[in-house]
Amino acid sequence: MSEESESPSPALEDAKERSVLKRYLDAILLEGFLLVLLAFFFIVVFLTQPSQVQYALDFSAINLIETIPIFIVASFLAGWVDAWVDRDLVTRFLTGRNLLVGLTIVTCVGIITPGPIYSIFPLVYVLKRKGVSSHHLIAFMTGQTLMGPLRIPLELYYLGLNFFIFRLISSVILGIFAGLCAYPFSARLDKALDEVQHKFVR
Amino acid sequence: MESLLIVGLVVLAFYAWSARKDWERTVQAFKKSGRFIVKSLPLFFLAVLLIGFIQVLLLPDDEAVLMFFGQAETGILWATLFGFLLPGPRYAIYPLVEIILMTEGATVGAAMALIVSQQLIDVPEGCFIEIKYLGTKFFLARLAIAVVTAIVAGYMAVFVNSFIPLYIPDVTP
């Protein structure tokens, strides 16, 4: 084997370096942006309503204490699903069906999935990896966000039985509607999701 | 809290079953979960901290909110827009919606659109994590669909309300 073939060319090394740099930049870009936004809002609140800074911190702390356990449990569920659920099985379960039936099933699965929306992103990410299409994911997320087991008692208390029943039925209809809205763009969204997942795995 | 306990027990049962069935795959599941947590927790922490400060700045007083939602024609559109910007957990919307429903002149469509838009997209805290996991294109597509869905939900409520009253105020002292 020649010397040249063993050592990579300078252009290749340069490209590799750039790729590593880009990977780190991608990783910190979102967090960095959020940090800047946080600093901005902190300064605005501090200058306009200094007495509310403590309230904001308390609100965030309570929110954090309430949601971190949910987020961790959801991440463990996502890890389990990723390790055990067979991609072909999921794809067969949804793609082998009529579009409306598939959307109804995923919307109902979404409705019975508890937790705030940001706790289900790991699960949605895994479902995508298992081959679930974008329109199904959007229907799932719509169902999950519009109705949840935890909120039923609160909804009944504040809004009454009639409103609750309407909300329950409309959540299924709206989940299907959202899925149908996404259906024409599903292939394009799938491609965009694949690109993001490729970055995330790196 | 109860639902978290139930889901926690279900997940625990999944892992117990997994450990008995295939130890290698269980370790793999743990590693994947750990990766999810490590990659997202800093962002999650920052996002939740941010929402506390946005909450202070964004929430106007009830009268101002009702002024928008009381207009029959534009109520649904304002409610959709306001719902996206309204921070806080999803259940925090119900007391505000109750006030709107109890106010004479406010439309049930605006109340419904407000619930749907507030719950569909968590603009301050959820959108950053959504972009991290699913990308900007997917988030924007979902946002556009959410706007349409919230407006449709508002008109659905108006339509159904013309046959069956959706909100019956509790008048008992």
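Two exercises on a predicted two-chain model follow, each with a worked solution.

Residues are numbered from 1 along each chain as its sequence is written, and chains are lettered from A in the order in which they are written. In this predicted model local features need pLDDT of at least 70, side-chain atom pairs count only at pLDDT 80 or more, and totals for chains, interfaces and linings use all residues.

**Exercise 1.** Classify the crossing of H7(A) and H8(B), and list the residues that meet.

Solution.
1. Helices are DSSP runs (H or I, at least four residues), numbered from the N terminus. H7(A) covers residues 134-146 and H8(B) residues 136-161.
2. Their axes (lines fitted to C-alpha atoms over the stretch in contact, with angles from 0 to 180 degrees between N-to-C directions) come within 11 Å and cross at roughly 55°.
3. H7(A) is therefore oblique to H8(B); angles under 35 degrees count as roughly parallel, over 145 as roughly antiparallel, 65 to 115 as roughly perpendicular and the rest as oblique.
4. Ser134(A), Ile138(A), Met141(A) and Thr142(A) meet Phe138(B), Arg142(B), Ile145(B) and Thr149(B), where contact requires C-beta atoms, placed from the backbone, within 7 Å.
5. By class, this contact has four nonpolar, three polar and one charged residues.

**Exercise 2.** Describe the side of chain A that touches chain B.

Solution.
1. On chain A, 70 residues are in contact with 70 residues of chain B.
2. Elements giving two or more residues include H2 (10-48), H3 (53-84) and H9 (186-201) of chain A.
3. H3(A) gives the most, with 22 residues.

Technical notes
Contact = placed C-beta atoms within 7 Å. Nonpolar A, V, L, I, M, F, W, Y, C, P; charged D, E, K, R; others polar.
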